[in-house]
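User: Could you take a close look at one part of this model for me? I'd like a single buried spot followed outward, strand by strand, into whatever surrounds it.

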Amino acid sequence: MLAVAALIAVPATGQSKADEKAAKKQAKQEAQMAAAANNIAALKEANFLFQANEASAEFGGDVTLNSNSSFLYVAPGLLKVQLPYASKVAGRGTLRVPLVFQTGRFDITQNALNGNYWVVMIKVDQGAQKYDLTLRYSIKNGATSLVVKPEMGDEATYRGSVQPN
């Protein structure tokens, strides 16, 4: 009776559990590769949205962010930034002022880094304030970080995700 129950439990397709697991893993890898290809294409076209879900800098450690309201939006001729920001000010402690601006005055350069990362560097000149933004996208797993370096102020790092516009 026990042998009959074991035979009934085998899938009708003849696939073993190991085969099913391998097929699921393969499908997941293919989906990740397709997403990476789409995201890299959007980065190359400078037409993407980075949504930050975590920040670290002068925030006193990592801070969880609302990714819907913490972002970097890049489209041809347009850059929008809305990110929390904190910087130490001599004699005044930590100053928390959000980075919120929109401009058409920016330069973008890009490159692949060791075949593992796609890096987008954005230089922004807002007249009184200049920023260097460096977005680093992991081709392997999609992990994305954004480093913001104001000309006057402390560097801030954001982690999140990128997607095509």
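Analyst: Let's start at Tyr-137, which touches Ala-35, Ala-36, Asn-39, Ile-40, Leu-43, Asn-116, Tyr-117, Trp-118, Gly-142, Ala-143, Thr-144 and Val-162, leaving aside residues up to four places away in sequence. Keep in mind that this is a predicted model. Tyr-137 belongs to strand E10, and with a relative accessible area of 2% it falls under the 20% cut-off, so it counts as buried.

Take the helix side of that contact list. Ala-36, Asn-39, Ile-40 and Leu-43, which Tyr-137 touches, are among the buried residues of helix H2, along with Ala-42. In a helix, residues three or four places apart point the same way, because there are 3.6 residues a turn. H2 itself covers residues 17-44, and its end C-alpha atoms are 40 Å apart, which agrees with the 40 Å that 28 residues should span at 1.5 Å a residue. Its buried residues pack against E10, and also against strands E1 (48-56), E8 (106-113), E9 (117-125) and E12 (156-164). Just after the helix, Ala-46 takes a positive phi of about 50 degrees.

Now the strand neighbours. On one side, E10 pairs with E9 in the antiparallel sense over nine bridges, and Tyr-137 is the bridge partner of Trp-118. Those two strands form a hairpin with four residues between them, and Gly-127 in the turn has a positive phi of about 80 degrees. On the other side is E11, also antiparallel to E10, this time over seven bridges. Here Arg-136 in E10 is bridged to Ser-145. Again there's a hairpin, with five residues between the strands, and Gly-142 in its turn has a positive phi of about 80 degrees.

That second turn leads straight to Thr-144, a residue of strand E11 (144-150). A polar atom of the Thr-144 side chain lies 2.9 Å from the backbone oxygen of Gly-142. Thr-144 is at 3% relative accessibility, so it counts as buried. Besides Tyr-137, it touches Phe-50, Leu-135, Arg-136, Tyr-158, Arg-159, Gly-160, Ser-161 and Val-162. Val-162 thus turns up in the contacts of both Thr-144 and Tyr-137. The C-alpha atoms of Tyr-137 and Val-162 are separated by 8.0 Å, though the two are 25 residues apart along the chain.

Further along E11, Leu-146 touches Phe-50, Leu-72, Leu-83, Leu-133, Thr-134, Leu-135, Ala-156, Thr-157 and Tyr-158, with the same sequence neighbours left out. This brings us to the largest nonpolar core, a set of 32 residues. Leu-146 is one of those with the most contacts inside it, as are Phe-48, Leu-72, Leu-79, Ile-122, Leu-135 and Tyr-158. As a general rule for soluble globular proteins, nonpolar side chains tend to be buried together.

One last stop on E10. The model has one aromatic pair. It is a stacked one, Phe-101 with Tyr-131, at 5.0 Å centre to centre and 15 degrees between the planes. The pair links distant parts of the chain, with Phe-101 in strand E7 (99-103) and Tyr-131 in E10, 30 residues apart. Both rings belong to buried residues: Phe-101 has a relative accessible area of 12%, and Tyr-131 is at 10%.

Terms used. Residues are numbered from 1 along each chain as its sequence is written. This is a predicted model: local features need pLDDT of at least 70, side-chain atom pairs count only at pLDDT 80 or more; totals for chains, interfaces and linings use all residues. Side-chain values use heavy atoms; hydrogens and water are left out. A nonpolar core is a set of buried Ala, Val, Leu, Ile, Met, Phe, Trp, Tyr and Cys residues joined through side-chain atoms within 4.5 Å. Buried means under 20% relative accessible area, exposed over 50%, partly exposed in between (1.4 Å probe, protein chains only). Contact means heavy atoms within 4.5 Å. A polar contact is a pair of N or O atoms within 3.5 Å; within protein, one must be able to donate a hydrogen and the other to accept it, and residues adjacent in sequence count only if both atoms are side-chain atoms. The expected span of a helix is 1.5 Å times one less than its number of residues. Two strands pair if DSSP finds at least two bridges between them. Rings of Phe, Tyr and Trp (its six-membered ring) pair if their centres lie within 6.5 Å; planes under 30 degrees apart count as stacked, over 60 as edge-to-face and the rest as tilted.
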